[in-house]
Each structure stands twice: as structure tokens, then as C-alpha cells.
Amino acid sequence: MELCNFTKNKKMKELTYNERIAVMRILQDIILADNKIDEREQLLFNEIAELLELTQTAKQDVENLNSLLALTMIHDFKQEQKEEFAKLMGQMIIVDKDINYNEVRIYNVVNEFCNIKVNFEMDNYPEYTRS
């Protein structure tokens, strides 16, 4: 799977360690939203963490970060960073080829609260199951 530019462009380099942890916290929340962890979700999560230059020790920081505090950090991203983050959330939703209602609900809350202005279009994925 081709990761979006968020993890590749120079804007990513501008994020602080805590902002990168915030990104991972919200992605982890999406993974956990359906009460099951698919291997493909875990692989994507690990790949993103690696590209964000987060080591295994950062895992504890991700788990300890309150999701609402993570949202406040993402809220302050530049618009381009928010849009790239929205793509990452979308990738996390579809990586297991199932679009889960709770995963989309998290996407929508993050989108609205952070004023990202990028909707998740379920109709773009008719071949995926819905749960």
C-alpha cells in the first residue's frame, strides 16, 4: 500500500515528537474502534510509526496520550498537514477491506473538530464489506 505524502513530505518534518504521537494515538483509536485488530491494520500502523521515526519506546507514549489531547494538537496543524492526516485515517479505515461504522464515526469527529474539511467517501469503496 502506498502511504500518502503526509509521511514523506517536508511538512512532516515540521511536526514535533508530541504531534507525531498524537497522529499515532488517533490512528490507534481507529484500529480499536471495531474491537478487533486486523494484521493489516497493525502492519500499516507500524509502517507509519517507522516513517514518522518513532521507535518502539514511543508506543507507551501513544498509549498514554489522551485522545482528546491528541485532537487538540491535530486541531492546530496547518491545513495541508490536516488533509494529509485525513488520508492516513482513511487508509487505516480501508486497509482491512472492511469499512466499520465506528471507524468512520471517529474519522468524522476528528474531521469536524479539527476543521479538516475532507470527507471520507464510503462510495469510493463499493468492493469492501461494511460492518
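This is a short tour of the aromatic ring pairs and salt bridges in a predicted model.

**Stop 1: the aromatic rings**

Start by selecting Tyr107, Phe120, Tyr125 and Tyr128 and showing their side chains; ring pairs link these four residues into a cluster. The count of aromatic pairs comes to three. For one of them, zoom in on Phe120 and Tyr125, whose rings are stacked, with 5.7 Å from centre to centre and 10° between the planes. Keep Tyr125 selected and add Tyr128: this pair is stacked too, at 5.6 Å centre to centre, again with 10° between the planes.

Now switch on a surface and look at how these rings sit. Is Phe120 buried or exposed? Phe120 has a relative accessible area of 12%, so it counts as buried. Tyr128, at 15%, is buried as well. Tyr125, which pairs with both Phe120 and Tyr128, has a relative accessible area of 21% and is partly exposed. The cut-off for buried is under 20%, so Tyr125 with its 21% falls into the partly exposed class.

**Stop 2: a salt bridge between two loops**

Next, turn to the charged side chains. The structure holds four salt bridges, and three of them are on this tour. Select Glu14 and Lys78 and you will find their side chains meeting at 2.7 Å, N to O. Where do Glu14 and Lys78 lie? Glu14 is in the loop between α1 (10-13) and α2 (17-32), while Lys78 is in the loop between α5 (67-75) and α6 (79-94). The pair therefore ties together parts that are 64 residues apart in sequence. Both partners are partly exposed: Glu14 has 40% relative accessibility and Lys78 has 44%.

**Stop 3: a salt bridge within α2**

Move on to helix α2 and pick Arg25 and Asp29. These two residues are four apart, about one turn of the helix, and their side chains form a salt bridge with an N to O distance of 2.4 Å. Check the surface here as well: both Arg25 and Asp29 are buried.

**Stop 4: a salt bridge within α6**

Finish in helix α6 by selecting Glu84 and Lys87, which are three residues apart, about one turn of the helix. Their salt bridge has an N to O distance of 3.2 Å. Which of the two classes, buried or partly exposed, does Lys87 belong to? With 42% relative accessibility, Lys87 counts as partly exposed, whereas its partner Glu84 is buried at 9%.

Note on methods:
Residues are numbered from 1 along each chain as its sequence is written. This is a predicted model: local features need pLDDT of at least 70, side-chain atom pairs count only at pLDDT 80 or more; totals for chains, interfaces and linings use all residues. Side-chain values use heavy atoms; hydrogens and water are left out. Rings of Phe, Tyr and Trp (its six-membered ring) pair if their centres lie within 6.5 Å; planes under 30 degrees apart count as stacked, over 60 as edge-to-face and the rest as tilted. Buried means under 20% relative accessible area, exposed over 50%, partly exposed in between (1.4 Å probe, protein chains only).
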